[in-house]
Amino acid sequence: MYNKIEFLNKSFTFIYDTVAPTATITLEDTSLKIGETSLVTITFSEVVANFAIGDLTAENGTLSNLVQDSVDLKKWTATFTPTTNIEDSSNVISLANTYTDVAGNTGTTATSANYTVDTTAPAAPTVAELTTTDLTDNKMNDAESATTT
């Protein structure tokens, strides 16, 4: 909205920003395994203020290293590290409406697309124990028997 005021043959234009900022959250890797991390990008519709890592919630993991892009001030990145020993195919990163734009308008909430986490270690292979009842030469023939447990 623009309002123009003329004062002693001087003209002033005021710009009122009443639009709430919006955001998009993307993960570089949406299928995380043991030892992996993913770059998370938060892109806002306009420059924001009062934005901190505490405004974000990550399911089955943590976010760290929140940094504003030095060229595109509407863009922020963080590192997502999945929790260990988790297998979950339905996860999102959520943004709360606790930030504002530079004009003071409260931001909107946002949610990332789904990502999967599989940080459970594979089960160790099992080795069958051979119990012999009548092997005498470590070779089995048709007349001998053995049991595995």
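How many helices and how many strands are there in the protein chain? There are zero helices and 16 strands, and the points below, which concern a predicted model, go through the sheets, the loops and some individual residues.

1. Overall character. The protein chain has 149 residues, of which 24% count as buried. Its accessible surface comes to about 9900 Å², and 52% of that area belongs to carbon and sulfur atoms. When contacts between residues at least 6 apart in sequence are considered, 55% of them join residues at least 24 apart.

2. Strand β5 and its two partners. Strand β5, residues 38-44, pairs with strand β3, residues 23-27, in the antiparallel sense over five bridges, and β5 is also joined by six bridges to strand β9, residues 75-82, again in an antiparallel arrangement. Valine 40 can be followed towards both partners: leucine 27 stands opposite valine 40, while in β9 the bridge partner of valine 40 is alanine 78. As a reminder of what such pairing involves, strands of a sheet pair through backbone hydrogen bonds, either parallel or antiparallel.

3. Burial within β5. The strand is mostly covered, with five of its seven residues buried. Is threonine 41, which lies in this strand, buried or exposed? Threonine 41 counts as buried because its relative accessibility is 15%, which falls under the 20% cut-off. Leaving aside residues up to four places away in sequence, threonine 41 touches Thr24, Ile25 and Thr26, and also Lys75, Trp76 and Thr77.

4. The β8-β9 hairpin. Strand β9, already met as a partner of β5, also pairs with β8 in the antiparallel sense over six bridges, and β8 and β9 form a hairpin with six residues between them. Within this pairing, phenylalanine 80 in β9 is the bridge partner of leucine 63.

5. Leucine 73 and a nonpolar patch. Leucine 73 is found in the loop between β8 (61-68) and β9, and it counts as partly exposed because its relative accessibility is 40%. Together with Val47 and Val102, Leu73 makes a nonpolar surface patch of about 240 Å².

6. The mixed sheet. One open sheet of three strands has the order β4-β14-β10, with mixed pairing. Here β4 (31-33) and β10 (87-91) stand at the edges, and each has a single partner strand, so one side of each is left without a neighbour in the sheet. On average, neighbouring strands of this sheet are turned by 15° against each other, direction ignored. The pairing of β10 with strand β14, residues 115-118, is antiparallel and extends over three bridges; in β14, aspartate 118 is the bridge partner of glutamate 87.

7. The antiparallel sheet. Another open sheet of three strands is ordered β7-β11-β13, with antiparallel pairing. Its edge strands are β7 (56-58) and β13 (110-111), each of which pairs on one side only. Strand β11, residues 93-95, and β13 run antiparallel and are joined by two bridges, and leucine 95 stands opposite alanine 110 in β13.

8. Glycine 104. This residue is found in the loop between β12 (100-101) and β13, and it counts as partly exposed because its relative accessibility is 46%. How many residues separate glycine 104 and valine 48 in sequence, and what is their distance in space? Glycine 104 and valine 48 are 56 residues apart in sequence and 8.9 Å apart in space, taken from C-alpha to C-alpha.

9. Two asparagines to inspect. Most residues other than glycine have a negative phi, and most peptide bonds are trans. Asparagine 60, in the loop between β7 and β8, has a positive phi of about 55° although it is not a glycine, and asparagine 85, in the loop between β9 and β10, likewise has a positive phi, near 60°. As for their surroundings, asparagine 60 is partly exposed because its relative accessible area is 23%, whereas asparagine 85 is exposed, with a relative accessible area of 58%.

Methods
Residues numbered from 1 in each chain as written. Predicted model: local features only at pLDDT ≥ 70, side-chain atom pairs only at ≥ 80, totals over all residues. Heavy atoms only, no water. Buried < 20%, exposed > 50% of the residue type's maximum accessible area, 1.4 Å probe, protein only. Contact = heavy atoms within 4.5 Å. Helix = DSSP H or I, 4+ residues; strand = E, 2+ residues; numbered from the N terminus. Pairing = 2+ DSSP bridges. Axes fitted to C-alpha atoms, helices over the stretch in contact; angles between N-to-C directions. Patch = residues over 30% accessible without salt bridge, like charges linked within 9 Å, V, L, I, M, F, W, Y side chains within 5 Å. Areas by Shrake-Rupley, 256 points an atom, 1.4 Å probe, with all protein chains shown as cover. Salt bridge = Lys/Arg side-chain N within 4 Å of Asp/Glu carboxyl O.
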